[in-house]
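User: I have a model open and want to go over its helix packing and its empty space. Can you take me through it?

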Amino acid sequence: MSIEAQLRNAAPSWAALLAVGPDGVDWIVAPPLPSGSATPAIIVRVGADKWFLFVSERTPGEKLPQRCPELHINPNSRFCLGRASYHVDRPAEVEAFWQALGEYLVNQHHAARRRRWPAGRWLSHGPDAADRQAEVEALAAAHGLDAEYAACMENDEGWIAEKVRAGGRITMGQECPRGCVDGDGEPVPFRKCDRRAVLQRILKLELARRAGERSFFQALRGRGISCCGRIDGCPLAHARTKQ
């Protein structure tokens, strides 16, 4: 079955086929917001690379930047829909592709209004940093520390962020950085904290995640890729030029 047919079979109501060409299938898409109102329409091109679907704006740079790591648009202008891949000959994966694209475009709408990607909807940039994020999120969730790690990830706040900025070391004689107290209400020394190994592991992983992101942005700058100006706090902002 052709890529056009596979996409048509799973296409949601907010996607309309425009054209089929040698480089892919063009669609006009406008997924709904949670309120039910539609996002601004955009024309995308969906193609397949080694049988796996990819998508970009039909004319990169028309409504979205040609490339922007903070908006999850790759240097080749393809949209980054997360870590999953979508095989064109697997109907369930094609359906998942449409769902992922809809969520991605809703996130783009929010980012355009708020100048930041929605909280909790992103992965760290680059495979190394993304791997570390996945590890620490799973570890934090397993030990009831997910809210504390979310504060670190989203706002660079809380004890994890504070300790990472200080180099990630906790001496055994220090009080537990989480502010744990014993039955008498006295601060617990870190050497007596039941979660000592978990806390140390989280700090190590977060240090590695941040190092991975720094390397990712250094590589982009080395390729001459600069900030598009649409997201506050972009690490590429100091090298901003018009794209």
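Analyst: We can start with the overall make-up, then take the helix contacts, then the pockets and the cavity. One note before that: this is a predicted model.

User: Fine. How many helices and strands are in the protein chain?

Analyst: The protein chain has 6 helices and 4 strands. Read from the N terminus, the order of elements is α-β-β-β-β-α-α-α-α-α.

User: And what box do the C-alpha atoms fill?

Analyst: Along the principal axes, the box for the C-alpha atoms is roughly 70 × 40 × 35 Å.

User: On to the helices. At what angle do α1 and α2 pack?

Analyst: Helix α1, residues 3–10, packs against α2 at about 65°, and the axes are 9 Å apart. α2 covers residues 91–114. Angles of 65 to 115 degrees count as roughly perpendicular, so α1 and α2 are described as roughly perpendicular to each other. Their crossing is right-handed.

User: Which residues meet there?

Analyst: From α1 they are Q6, L7 and A10, and from α2 they are P91, V94, E95, F97 and W98. By class, that contact of α1 with α2 has 6 nonpolar residues, 1 polar and 1 charged.

User: What about α4 and α6, how do they pack?

Analyst: α4 is residues 146–155 and α6 is residues 196–222; the angle between them is about 20° and their axes are 13 Å apart. That angle makes the two helices roughly parallel. The crossing of α4 and α6 is right-handed.

User: Which residues make the contact?

Analyst: Y149, C152 and M153 on the α4 side, with E206, R209 and R210 on the α6 side. The contact of α4 with α6 counts 3 nonpolar and 3 charged residues, and no polar ones.

User: α4 also has α5 to deal with. How do their axes cross?

Analyst: The axes of α4 and α5, the latter being residues 158–165, come within 6 Å and cross at roughly 55°. α4 and α5 are therefore oblique to each other.

User: Which residues meet in that pair?

Analyst: E148, Y149 and C152 of α4 meet W159, I160 and A161 of α5. The classes in this contact of α4 with α5 are 5 nonpolar, no polar and 1 charged. Y149 and C152 come up again here, having already been listed in the contact of α4 with α6.

User: Switching to empty space. What volume does the largest pocket have?

Analyst: About 970 Å³. The lining of the largest pocket has 40 residues, and F79, C80, L81, G82 and R83 lie nearest its centre.

User: Which elements supply at least two residues of that lining?

Analyst: Those are β4 (52–57), α2, α3 (127–142) and α6. α2 gives the most to the lining of the largest pocket, with 5 residues.

User: How do the residues of that lining divide by class?

Analyst: For the largest pocket, 24 are nonpolar, 10 polar and 6 charged.

User: And the second largest pocket, what is its volume and what lies nearest its centre?

Analyst: The second largest pocket has a volume of about 630 Å³. Its lining is made of 23 residues, with E70, W122, M153, E213 and G233 nearest the centre. α4 and α6 are the elements that give two or more residues to this lining. α6 accounts for the largest share, 6 residues.

User: What classes line that one?

Analyst: The lining of the second largest pocket has 12 charged, 7 nonpolar and 4 polar residues. M153 is among the residues nearest the centre of this pocket, and M153 of α4 is also part of the contact with α6.

User: Last topic. How many cavities of 30 Å³ or more are there?

Analyst: The count is 1 cavity of 30 Å³ or more. The largest cavity has a volume of about 30 Å³.

User: Which residues line the largest cavity?

Analyst: The lining of the largest cavity consists of S56, E57, P60, G61, L64, P65, Q66, I73, S77 and F79. By class, that lining is 5 nonpolar, 4 polar and 1 charged. F79 lines this cavity, and F79 is also one of the residues nearest the centre of the largest pocket.

Technical notes: Residues are numbered from 1 along each chain as its sequence is written. This is a predicted model: local features need pLDDT of at least 70, side-chain atom pairs count only at pLDDT 80 or more; totals for chains, interfaces and linings use all residues. Side-chain values use heavy atoms; hydrogens and water are left out. Axes are lines fitted to C-alpha atoms, for helices over the stretch in contact, and angles run from 0 to 180 degrees between N-to-C directions. Angles under 35 degrees count as roughly parallel, over 145 as roughly antiparallel, 65 to 115 as roughly perpendicular and the rest as oblique. A crossing is left-handed if the near helix is turned anticlockwise from the far one by less than a right angle, and right-handed if clockwise. Contact means heavy atoms within 4.5 Å. Ala, Val, Leu, Ile, Met, Phe, Trp, Tyr, Cys and Pro count as nonpolar, Asp, Glu, Lys and Arg as charged, and the others, Gly among them, as polar. On a 1 Å grid over the protein atoms alone, a cavity is a set of points where a 1.4 Å probe fits but cannot get out, and a pocket is an open set with protein on both sides within 12 Å along at least five of seven lines; lining residues have an atom within 4 Å of a point. Grid points are joined across faces, edges and corners, and a volume is the space filled by probe spheres set on the points.
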